[in-house]
Amino acid sequence: MSEQALRLGTRRSKLAMAQSGQVAEAVSRVTGRPVELVEITTYGDVSRENLAQIGGTGVFVTALREALVRGEVDFAVHSLKDLPTAQPENLALAAVPVREDVRDVLVARDGLTFEQLPDGARVGTGSTRRMAQLNAYARNHGMTIETVAIRGNVDTRIGYVRAGELDAVVLAAAGLNRLGRIDEVTDFLSVDTVLPAPGQGALAIECAADHADLVAALAELDDPFTRAAVTAERSLLAALEAGCSAPVGAYADLLADGQVVKEMRLRGVVGTTDGSTLVQLSTTGPVPETHDQAMSLGRELAAEMLAKGAAGLMGERAL
């Protein structure tokens, strides 16, 4: 390969720039070529609408993908949870690097944990998935909270707490880690309390499918366990026919016996936003060794969830 710089397409947000910068360094190491960031504004970045209303799926991704197809950038970095579940044939998901912390976290006033929130506490999140599970948890533990729909970047969201407009906000640990702001967290929410979004904490590195040299080079950054886990999670989401704005949580983790990884467990949840009804199930199987095995793990759990009434809990199903 020549010494020509590789062009990495990224969203302009602080978080996107931070995670793209980390990927750029890694790609530079494996290719021996310099990498330059190309900032691209996406519809999701400029629209002030609620994410659930603008369709959730793909609003942060489409502009990056168009730049890839037009050859304006060589590869792009996405937050995997923003990626629609159907992969376009002309683009390759070349690498899913080792995943960050998958948990959701609370940033609350006065250093409060979730359990310490006062009655009627106002908790901000832009995610129906988080609302459904937080409301269900509060209900089951005799707490009353009010979930408030918010949008904006990390600064904006934490700003609502600092300004006293909200008692707390819920964010992804991964984003705060990548921004170097994890010390602002007042409570880490266990995945047993709130299942993350499918693919949460993972990045997707995408390039043109016919750029074989680059696909092969980027593949060195792929982590097979992370890829198997997020493939199962996203397969569950796809089989529920839900976009990334639907109240679906999913998490696949590896069950080890000593040092030997034996099985993969996939957990899924879907619920009404007020938390009054949740369908939460899990399944365990051999660690998937192929894409198809990971996909079938997700499909099987989705079928069980649909049989338990999950379809009725997701609002309008996109036709």
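User: Where is Ala-163 found in this predicted model?

Analyst: The model is predicted. Ala-163 sits in the loop that links helix 5 (154–162) to strand 8.

User: Why does Ala-163 count as exposed?

Analyst: Its relative accessibility is 54%. The cut-off for exposed is over 50%, so Ala-163 counts as exposed. In space, the C-alpha of Ala-163 is 9.6 Å from that of Arg-109, and the two residues are 54 apart in sequence.

User: What makes strand 6 and strand 8 a pair?

Analyst: Pairing needs at least two bridges between the strands. Strand 6 and strand 8 (residues 168–172) have two bridges, so they pair, in the parallel sense. In one bridge, Gly-124 has Val-169 of strand 8 as its partner.

User: How do you know that strand 6 pairs with strand 7?

Analyst: The test again is at least two bridges. Five bridges join strand 6 to strand 7 (residues 145–149), so the two strands pair, and they run parallel. Ala-121 stands opposite Ile-145 of strand 7. With helix 4 (residues 128–140), these two strands form a right-handed β-α-β unit.

User: Why is strand 6 described as mostly covered?

Analyst: A residue is buried when its relative accessible area is under 20%. In strand 6 (residues 121–125), four of the five residues are buried, so the strand is described as mostly covered.

User: Why is helix 8 called oblique to helix 9?

Analyst: The axes of helix 8 (residues 224–239) and helix 9 (residues 291–307) cross at roughly 40° and come within 7 Å. Roughly parallel would need an angle under 35 degrees, and roughly perpendicular 65 to 115. The crossing angle fits neither range, so helix 8 is oblique to helix 9. The contact involves residues including Ala-228 and Leu-236 of helix 8, and Met-295 and Leu-301 of helix 9. The crossing is right-handed.

User: What makes strand 12 a partner of both strand 11 and strand 13?

Analyst: The requirement is at least two bridges for each pair. Strand 12 (residues 260–271) has 10 bridges with strand 11 (residues 248–257), and nine with strand 13 (residues 278–286). Both pairs therefore qualify, and both are antiparallel. Tyr-251 stands opposite Arg-267 in strand 12, while Leu-266 has Thr-283 of strand 13 as its bridge partner.

User: Which residues take a positive phi in the two hairpins?

Analyst: In the hairpin of strand 11 and strand 12, with two residues between the strands, Gly-258 has a positive phi near 65°. In the hairpin of strand 12 and strand 13, with six residues between the strands, Gly-275 has a positive phi near 80°.

Technical notes: Residues are numbered from 1 along each chain as its sequence is written. This is a predicted model: local features need pLDDT of at least 70, side-chain atom pairs count only at pLDDT 80 or more; totals for chains, interfaces and linings use all residues. Side-chain values use heavy atoms; hydrogens and water are left out. Buried means under 20% relative accessible area, exposed over 50%, partly exposed in between (1.4 Å probe, protein chains only). A crossover is right-handed if, with the strands pointing away from the viewer, the path from the first strand over the helix to the second runs clockwise. Axes are lines fitted to C-alpha atoms, for helices over the stretch in contact, and angles run from 0 to 180 degrees between N-to-C directions. Angles under 35 degrees count as roughly parallel, over 145 as roughly antiparallel, 65 to 115 as roughly perpendicular and the rest as oblique. A crossing is left-handed if the near helix is turned anticlockwise from the far one by less than a right angle, and right-handed if clockwise. Contact means heavy atoms within 4.5 Å.
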